[in-house]
Each structure stands twice: as structure tokens, then as C-alpha cells.
Amino acid sequence: MSQNILLSLTALVTLVPAAFYPYRRIAGQGVEGRGWSFWGALLLAAAGPGMWAILQVAGQWQTGFSTALWVTTAACMALFIGLSLFHGTAWRLAPLLLPYLLVVCLFATLTEDAPAPIMRGNAPGVWIDLHIAVSVFTYALLTLSAVASLAAVLQTRALKTKRPTPLSRFLPPVAESERLQLRLLIASEVVLGAGLATGMAVLYFEQGRLFRTDHKSLLSLATFVVIGILLLAEYRTGVRGRTAARTMLIVYLLATLAYPGVKFVSNVLIGQWTW
């Protein structure tokens with residue numbers, strides 16, 4: 001077993017307590033809400049992917065698929081901890097978010113040996129670093145927004161069928177989920193706009209042009225446009241419920257195809273990466 005696989009498995013294990021912790025309370029085992037055990041499990045879940053992401057990108061950024069998953073998981077955990085600290089009900093998204101991140105990291109571990117070329121380019125390092133940071137932060141925001149949207153869908157369905165489940169009782173109320181989703185979407189649109197701008201700057205330094213029609217650029221632009229339309233519709237008509245949720249899932253699908261999706265095809269399926 002290689003050292004990288006061993007470290008990946010160790011980081012993966014740190015997510016397990018946090019992923020299963022909320023379900024102990026859902027199952028009625030008397031686990032407190034945001035007590036010390038919750039924060040301990042959450043910090044452990046953030047420390048594992050965070051440290052492994054730092055080790056992977058130390059010295060020079062790599063463009064591998066596994067690296068992208070570990071880094072985005074670390075960013076999601078950092079954002080979720082912040083939301084849980086300052087938002088009264090955001091922590092209740094844990095039963096949806098944490099198992100999902102566990103699966104993402106399992107996938108990252110399984111693809112650990114896929115080619116991970118070192119990024120090369122002529123742009124100043126500060127622009128490249130800024131563009132990468134903004135891209136990761138954007139995807140983390142969209143992940144949390146998609147989870148909030150899913151929570152709203154589950155709550156709405158439980159209310160309409162008048163059959164609440166232990167999970168729906170644990171999740172944030174519909175209004176809180178939709179409000180959280182909206183705020184995260186606004187933040188995502190602002191940060192994604194910055195990401196598109198920094199990406200144009202990097203491309204200009206490298207190729208002397210501001211835009212190229214590759215899959216990543218087109219999907220990122222489509223994500224930005226769809227989020228803008230959704231926010232405008234919410235402002236003008238107050239769109240809520242299934243329409244907003246479905247649109248949010250389309251947004252997240254586009255973002256997933258643009259960021260980890262392109263890397264998966266290039267690094268894992270094709271086995272090569274062209275920057």
C-alpha cells in the first residue's frame with residue numbers, strides 16, 4: 001500500500017464520526033445538538049481532509065482529480081463550520097452534507113493513483129493562486145446551497161404528504177432552508193464572477209486572449225448565467241419551492257461538470273490533462 005493511499009484512508013476515516021453523528025440523534029439515541037461531541041466530530045472531519053489537501057498541494061499546485069475532491073471537501077467543511085457557528089439552524093444540514101462529503105472523499109481515495117500532472121503556465125503565480133482559491137470557494141458555496149435546497153425539498157414533501165420522517169424533523173424548516181440557500185447563492189454569484197475575472201486574467205497572461213471556448217469555460221459561464229437568472233426571478237417574482245430547487249440542482253450539476261467533472265474525464269478516464 002502506497003503512502004498516499006494510507007494517508008487518504010486516514011483522512012477518510014476522520015469523516016466517519018461526523019457523517020454518522022447526526023443519525024444517532026435522528027434514531028433517538030439521545031445525542032445532544034451542538035454539544036462538545038458534535039463540534040469535536042466536526043473539527044476532526046475538517047482536520048483530516050484539510051491536512052491531506054495541504055500535503056497534496058504543498059510546494060506546487062497539482063491538477064489531479066483526487067486533489068480537487070480533497071481540496072473542495074476541506075473548503076466545504078471550513079464553510080460549514082463557519083455557518084454552524086453563526087447560523088442558528090445551518091448545522092441541521094449535517095445529515096445531508098457530511099455523508100455526501102464522505103462519499104466524495106471515498107471517490108477521491110479510489111482515484112488517488114490517477115495521473116495528477118503539475119500545472120504549468122506563464123501567468124503570475126498570484127493570479128493563478130487567486131483563481132484556484134476563488135474556484136474552490138465557489139464550488140464549496142454551491143455545494144452548501146445545493147444541500148440547503150435538498151433540505152427544503154424534503155421538508156416540503158413531508159409537509160404536503162403530512163408524513164414527517166425523523167430526518168425531516170431534524171432538518172431546518174423550509175423557510176430557513178430557502179433563506180440559507182438564497183444567501184449562499186448570492187455569495188456564489190459574487191465569488192463566481194470574481195473567478196471568471198481571474199480566469200480571464202490568467203488566460204490573457206498565458207495566451208493573450210480573455211476567453212476560450214473549452215468545456216470548463218462554457219460550463220462556468222453557464223453556471224454564472226443560470227444563477228443570475230434564478231436570483232433575478234427570485235427578486236422579481238419570489239420564486240420558491242420546487243422551481244427554485246430544481247434550478248439549484250441544475251446549477252450544481254453545471255458547476256460539478258465544470259470543475260471536478262472535467263478533471264475526472266481528463267485525469268481518470270483519458271489519463272492526461274492539458275492546461
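What share of the 275 residues of the chain count as buried? The figure is 50%. Keep in mind that this is a predicted model.

Let's start with the overall build. The chain has 10 helices and 0 strands. Read from the N terminus, the order of elements is α-α-α-α-α-α-α-α-α-α. Now the contacts. Take those in the chain with a separation of 6 or more. Of these, 80% are between residues 24 or more positions apart.

Next, the record. An unreviewed UniProt entry lists several stretches as "transmembrane region". Among them are residues 6-23, 35-55, 67-86 and 217-235. How do two of those stretches look in the model? Residues 35-55 are 95% helix and 0% strand. The end C-alpha atoms of that stretch are 30 Å apart. Residues 217-235 are 100% helix and 0% strand. There, the end C-alpha atoms lie 27 Å apart.

On to the core. How many residues does the largest nonpolar core have? It has 67. L42, M77 and L142 are the residues with the most contacts inside it. Helix α4, residues 65-86, gives the most to this core, with 13 residues. Two domains feed it: domain 1 (1-120) and domain 2 (125-274) each supply at least three residues.

Look at M77 on its own. Leave out residues up to four places away in sequence. M77 then touches L15, L42, A45, A46, L98 and L101. L42, one of those partners, is also on the list of residues with the most contacts inside the core.

Stay with helix α4 for a moment, and find T67 there. Is T67 buried or exposed? T67 has 3% relative accessibility, so T67 counts as buried. T109 is 42 residues away along the chain. Yet the C-alpha atoms of T67 and T109 are separated by 9.7 Å.

T109 brings us to a helix pair. Helix α1 covers residues 3-13, and helix α5 covers residues 94-110. They pack at an angle of about 175°, and their axes are 10 Å apart. That angle is why α1 counts as roughly antiparallel to α5. Which residues meet? From α1, they are I5, S8, L9 and L12. From α5, they are L102, C105, L106 and T109.

Now W52, in helix α3, residues 36-57. W52 is at 5% relative accessibility, so it counts as buried. Which residues does W52 touch, not counting those up to four places away in sequence? They are N4, L7, S8, A11, W70 and E112. Pick out A11. W52 and A11 are 41 residues apart in sequence. In space, C-alpha to C-alpha, they are 6.7 Å apart.

Over to A175, which lies in helix α8, residues 174-207. A175 is partly exposed, because its relative accessible area of 44% falls between the 20% and 50% cut-offs. A152 is 23 residues away along the chain. The C-alpha atoms of A175 and A152 are separated by 7.8 Å.

Last stop, K162. Where is K162 found? Look at the loop between α6 (125-161) and α7 (166-170). Phi of K162 is near 55°, a positive value in a residue other than glycine. K162 is at 74% relative accessibility, so K162 counts as exposed.

To recap: 10 helices and 0 strands, and a largest nonpolar core of 67 residues. Thanks for listening.

Notes: Residues are numbered from 1 along each chain as its sequence is written. This is a predicted model: local features need pLDDT of at least 70, side-chain atom pairs count only at pLDDT 80 or more; totals for chains, interfaces and linings use all residues. Side-chain values use heavy atoms; hydrogens and water are left out. A nonpolar core is a set of buried Ala, Val, Leu, Ile, Met, Phe, Trp, Tyr and Cys residues joined through side-chain atoms within 4.5 Å. Buried means under 20% relative accessible area, exposed over 50%, partly exposed in between (1.4 Å probe, protein chains only). Helices (H or I, at least four residues) and strands (E, at least two) are DSSP runs, numbered from the N terminus. Domain bounds come from an automatic or database domain assignment. Contact means heavy atoms within 4.5 Å. UniProt positions are given in the numbering used here, feature names are shortened, and annotations may be inferred rather than shown by experiment. Axes are lines fitted to C-alpha atoms, for helices over the stretch in contact, and angles run from 0 to 180 degrees between N-to-C directions. Angles under 35 degrees count as roughly parallel, over 145 as roughly antiparallel, 65 to 115 as roughly perpendicular and the rest as oblique.
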